[in-house]
Amino acid sequence: MVKSRLLMVLVFLLTFGMFLAACGSSEEEANGNSSGDESGNEEASGDANGDFSVAMVTDVGGVDDKSFNQSAWEGLQAFGEENGMSKGEGFDYAQSESDADYATNLNRLVRQDYDLIYGIGYLLQPAIAEVANQYPDTNFALVDSVQEGDNIASIVFKEHQGSFLAGVAAANKTKTDKVGFIGGVDGSLINKFEAGFVAGVKSVNPDIEVEVEYAESFNDSQRGQAIASNMYNKDIDVIYHASGGTGNGVFAQAKDIKNSNPDEDVWVIGVDRDQHEEGQIGDSNVTLTSMVKRVDIAVQNVSKQAMDGEFPGGEVLEFGLADDAISIARTNEEAMTEEIISAVEEWKEKIINGEVEVPSTREELQSFKDAL
């Protein structure tokens, strides 16, 4: 009887001990799993943010073109700084000296394992199409053109809207009733700038003459200066340029004239970024205003989306006046009088609310002028 009771006690103790051991093992396993999950999540988060990298390829204008390449680079730098990155460690750029460099630079950045690669300018569209097709696991973004592809985001702007307002400013500033437009390469993109500008001028005064000329280059400041010299010699007193680095020559010519004859009023309207600094000459400034296109903001936004795992592949992202992605600079407060600013704001509201449909092609411009 005693043996039987002892046996029962031993069995009870053994069973209870096994139960406790099992509970302890389950609790440790559960804690271990929880700890492992948290560690894994932190590691995944680190991969998504800490290891994300982004780069851009310039067109021939270069990263310091004082125009849209530079604006894009400034946006990339701002994104990098916000996320603890530095040049070469998280973000970088590749500069193109000729069209032949586009695909080469894109391929090099792919081999360097950048998660997102920008092509800055419509001239990179063929190279982006080719390289993105070869590397479907890499994300690409194309600025100023549209290219289909699940791993490509196309970033475009309503430059004709901002150019219209530049035309309004020019028409209100000219004393000779003669203004000029200097484009880079003659094509559908820069034609948007031309059409919008001419439409803005003619909306204020149909009798103002608008001379249009293309340099056929985005990186020829000497050519830009020569065209500007010819225009100013014809009594044109306001020139709007949409020509990238070529526009540096337009500013150079205006400053030369102002330096030789301080009383002569000649003006330049900058493009893509506020080019007020480029027009500074002593206490004067020949930059009337600039048609600002916030490539920098677009680059920052798309980079953040990509880093957060929300890359807008296959989408066309269009930015305009209503998004505050297109604007007219007011930095030169002396030149941009209250009267001019008031006129610009009035036309801006008409565009945003749909009263004015700004032309974006030469064909649409002709119809627009015929209806005035």
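## Tyr118 and its contacts

In this predicted model, Tyr118 touches Val54, Ala55, Met56, Val57, Leu76, Leu106, Ala141, Val143, Ile155, Val299, Val302 and Ser303, leaving aside residues up to four places away in sequence.

## The nonpolar cores

Tyr118 belongs to the largest nonpolar core, which has 72 residues. Together with Ile155 and Phe164, Tyr118 touches the most other members. Helix α6 (residues 188–204) supplies the largest share of this core, eight residues. Domain 1 (54–157 + 297–305) and domain 2 (159–292 + 337–370) each contribute at least three residues to the core.

Another core lies apart from this one. That core has 18 residues, including Val57, Leu109, Val110 and Ala127.

## The largest cavity

The model holds two cavities of 30 Å³ or more. The largest encloses about 110 Å³ of space. Its lining comprises 17 residues, and Phe68, Leu189, Ile190, Phe218 and Asp272 lie nearest the centre. Two elements, α6 and β10 (267–272), give two or more residues to this lining. Helix α6 gives the most, with three.

By type, the lining of the largest cavity splits into nine nonpolar, four polar and four charged residues. Domain 1 and domain 2 both give residues to this lining, so the largest cavity lies between them.

## The second cavity

The second largest cavity has a volume of about 40 Å³. Its lining is made up of Asp274, His276, Thr287, Leu288, Thr289, Ser290, Ala329, Arg330, Thr331 and Asn332. Six of these lining residues are polar, two are nonpolar and two are charged.

Key
Residues are numbered from 1 along each chain as its sequence is written. This is a predicted model: local features need pLDDT of at least 70, side-chain atom pairs count only at pLDDT 80 or more; totals for chains, interfaces and linings use all residues. Side-chain values use heavy atoms; hydrogens and water are left out. A nonpolar core is a set of buried Ala, Val, Leu, Ile, Met, Phe, Trp, Tyr and Cys residues joined through side-chain atoms within 4.5 Å. Buried means under 20% relative accessible area, exposed over 50%, partly exposed in between (1.4 Å probe, protein chains only). Helices (H or I, at least four residues) and strands (E, at least two) are DSSP runs, numbered from the N terminus. Domain bounds come from an automatic or database domain assignment. Contact means heavy atoms within 4.5 Å. On a 1 Å grid over the protein atoms alone, a cavity is a set of points where a 1.4 Å probe fits but cannot get out, and a pocket is an open set with protein on both sides within 12 Å along at least five of seven lines; lining residues have an atom within 4 Å of a point. Grid points are joined across faces, edges and corners, and a volume is the space filled by probe spheres set on the points. Ala, Val, Leu, Ile, Met, Phe, Trp, Tyr, Cys and Pro count as nonpolar, Asp, Glu, Lys and Arg as charged, and the others, Gly among them, as polar.
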